[in-house]
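Visitor: I'm new to reading protein models. Could you walk me through one, feature by feature?

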Amino acid sequence: MKYVVIGLLKAYRAVISPLYGQVCRYHPSCSAYALEAVEQHGTVRGGWLAVRRLARCHPWAAGGYDPVPPRVAAGNSTSTHQGA
């Protein structure tokens, strides 16, 4: 399923996206963000990140640089465990 979504996103970027020109408030563009999110996080989580990004894209959004969050490996934690 992941590769189907990636193919659809690439098709959108090749065919439809150029018709709009440079109108995106964010960098990377929403379609590039969605493609990277699905490639890094898979269909479900990457799709959710893309939907959240699209929801933030509105005329009053500040825009700017908004990268895809990095994938967190299982078992990694920001806190360290200190034994007693």
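**Reading a helical model**

Guide: Happy to. Let's pick a residue to begin with: S31 is found in helix α3. Keep in mind that this is a predicted model.

Visitor: Is S31 buried or exposed?

Guide: The general idea is a cut-off: under 20% relative accessible area means buried, over 50% means exposed. S31 has 10%, so S31 is buried. Leaving out residues up to four places away in sequence, S31 touches Y12, R13 and S17.

Visitor: Let me zoom out. Which elements make up the protein chain, and in what order do they run?

Guide: Start at the N terminus and read along: the order is α-α-β-α-α-β. That comes to four helices and two strands. As for burial, 25% of the 84 residues in the protein chain count as buried.

Visitor: What share of the contacts joins residues at least 24 apart?

Guide: First you set aside pairs that sit close together along the chain. Among contacts between residues at least 6 apart in sequence, 69% join residues at least 24 apart.

Visitor: Back to α3, then. How many of its residues are buried?

Guide: Nine of the 12 are, so α3 is largely enclosed by the rest of the structure. The buried set is C30, S31, A32, Y33, A34, L35, A37, V38 and H41. These residues pack against α1, α2 and α4.

Visitor: And how do I check the length of α3?

Guide: Compare its reach with what you'd expect at 1.5 Å a residue. From first C-alpha to last, α3 reaches 16 Å, close to the expected 16 Å.

Visitor: At what angle do α1 and α3 cross?

Guide: Think of each helix as an arrow from N to C, then look at the angle between the arrows. For α1 (residues 2–15) and α3 the crossing angle is roughly 160°, and the axes come within 10 Å. Angles over 145 degrees count as roughly antiparallel, and α1 and α3 are therefore roughly antiparallel to each other. The crossing is left-handed. On the α1 side, the contact is made by K2, V5, I6, L9, K10, Y12 and R13, while α3 brings S31, A32, A34, L35, V38 and E39.

Visitor: What about α3 and α4: how do they pack?

Guide: Their axes are 7 Å apart, at an angle of about 160°. α3 and α4 are therefore roughly antiparallel to each other as well. The crossing of this pair is right-handed. Residues of α3 including C30, Y33 and A37 meet residues of α4, among them G46, L49 and R53.

Visitor: Can you show me one residue at that meeting place?

Guide: Try A37, which sits in helix α3. A37 is buried, with a relative accessible area of 0%. Its C-alpha lies 6.7 Å from that of L49, though the two are 12 residues apart along the chain. Apart from neighbours within four places in sequence, A37 is in contact with G42, G46, L49 and V68.

Visitor: Which residues of α4 are buried, and which are exposed on the other side?

Guide: With a helix, ask which way each residue points from the axis. In α4 (residues 43–56), G46, L49, A50 and R53 are buried. They cover an arc of only 100° around the axis, which puts them on the same side of α4. V44, W48 and A55 are exposed on the other side. The buried residues of α4 pack against β1 and α3.

Visitor: Which backbone details should I look out for?

Guide: Most residues other than glycine have a negative phi, and most peptide bonds are trans. Here, α3 is followed by G42, whose phi is positive, near 95°. The peptide bond from H27 to P28 is cis, with omega near 0°. You'll find P28 in the loop between β1 and α3.

Visitor: One last residue: where is C57 found, and what is it in contact with?

Guide: C57 is in the loop between α4 and β2. With a relative accessible area of 29%, C57 is partly exposed. Once neighbours within four places in sequence are left aside, C57 is in contact with Y26 and C30. C57 and Y26 are 31 residues apart in sequence, but 7.9 Å apart in space, C-alpha to C-alpha.

Note on methods: Residues are numbered from 1 along each chain as its sequence is written. This is a predicted model: local features need pLDDT of at least 70, side-chain atom pairs count only at pLDDT 80 or more; totals for chains, interfaces and linings use all residues. Side-chain values use heavy atoms; hydrogens and water are left out. Buried means under 20% relative accessible area, exposed over 50%, partly exposed in between (1.4 Å probe, protein chains only). The arc is that of the directions from the helix axis to the C-beta atoms. Contact means heavy atoms within 4.5 Å. Axes are lines fitted to C-alpha atoms, for helices over the stretch in contact, and angles run from 0 to 180 degrees between N-to-C directions. Angles under 35 degrees count as roughly parallel, over 145 as roughly antiparallel, 65 to 115 as roughly perpendicular and the rest as oblique. A crossing is left-handed if the near helix is turned anticlockwise from the far one by less than a right angle, and right-handed if clockwise. The expected span of a helix is 1.5 Å times one less than its number of residues.
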